[in-house]
Structure formats: C-alpha cells, structure tokens
Amino acid sequence: MAFALRKNDSDFEPQPIADINVTPLVDVMLVLLIVFMVAAPLMTAGVPVDLPKTQAKQLDDQQPPIVVSVDANGAFFVDKREAGANEGLLALLQESSGGAKDRRVHIRADKAVPYGKVAEAMGVISSAGYAKVALVSEAAPGGARAASR
C-alpha cells in the first residue's frame, strides 16, 4: 500500500475500502439488547387499580381439602375417621369427596411411619382418580438454617 507524502503526488490513487466495519453495528445491537432487557419486566407488571366495592358474595367453590392421615402404627384415617385397610380408605375417601375427583387430598403421616405406608396411601388415592394429592409437613423451627445444618 502506498502513502502520499506530498499533495501533488500523482502516483497515489486511493483504493476504495472493501471491508465492512461491524463495530458500530455491534454497539447498537448491544445497546438495544440492554434496553429490551430492562424494559421487558416493566411491561409485564400489572397496572395499579383501585377496585370497586360490591355486595356480592364470595364464590364458594373452594372446598377444604380431604385430610388422609397415617398414624405411627400405620393405620389410615380420613378426616379423623379410621379407614382400616385400603378398601376402607377408598370408601371413606369417596364418601368425604361426594364423588368429586377434583377435590384436593392432603396426606399427613407420622415421621416414624415407613415410607412404604405413605406410598401405599398415595397409590390408593391416585388409582381412585384423585389428581390433586399433596404431602403435608411442618416447617423446621428456625427456618432454612436449621434444615441445612
């Protein structure tokens, strides 16, 4: 490549630059990325609205969950009524739910109960068609720090 040292150097003809400078394009794209990353969470936030007061009753579709308990001896209870074996558990469960399979079922088990008994109760409940099954436990005294020790 030749350099022009004088203004009247007629041997020097500047060549057109064939390279594309992508640095400004990358800078603009990074700035747009940052702008959208900051703006996206703000677009999903709800609008504060002062709701009107009405005299309508609350919807009564929230029924309390059916509580299935397993005591330290491995006996099954449905809402404080002893269920006996698997067939008794299923019968009391259907009686408590009134045949509604969409009711929530909470399983409470003593910590001395073998895991097999809890799994057996879960199996009977899920095979009966109840899909909303949850295990109930107590929080550790002292929160997450006590659990991590």
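The arrangement of strands and helices around one β-sheet is described here for a predicted model.

The sheet is open and comprises 5 strands in the order β3-β2-β1-β4-β5, with mixed pairing. The edge positions are taken by β3 (81–84) and β5 (133–135); each has a single partner strand, so one side of each remains without a neighbour in the sheet. Averaged over the sheet and with direction ignored, neighbouring strands are turned by 30 degrees against each other.

Within this order, β2 (residues 76–78) pairs with β1 (residues 66–70) in the antiparallel sense, over 3 bridges. In this pairing, S69 has F77 of β2 as its bridge partner. The pairing of β2 with β3 is likewise described by 3 bridges, and these two strands run antiparallel. Here the bridge partner of F76 is G84, a residue of β3. Strands β2 and β3 form a hairpin with 2 residues between the strands, in which D79 adopts a positive phi near 50 degrees.

Two helices are placed against these strands. Helix α2 (residues 86–97) lies across β1, β2, β3 and β4 (105–109), and the direction of helix α2 is at about 140 degrees to β3. Helix α3 (residues 115–127) also packs on the sheet, where the strands touched are β1, β2, β4 and β5. The direction of helix α3 makes about 165 degrees with that of β4. Of the two edge strands β3 and β5, β3 is thus listed among the strands crossed by helix α2, and β5 among those touched by helix α3.

How values were computed. Residues numbered from 1 in each chain as written. Predicted model: local features only at pLDDT ≥ 70, side-chain atom pairs only at ≥ 80, totals over all residues. Heavy atoms only, no water. Pairing = 2+ DSSP bridges. Helix = DSSP H or I, 4+ residues; strand = E, 2+ residues; numbered from the N terminus. Axes fitted to C-alpha atoms, helices over the stretch in contact; angles between N-to-C directions. Contact = heavy atoms within 4.5 Å.
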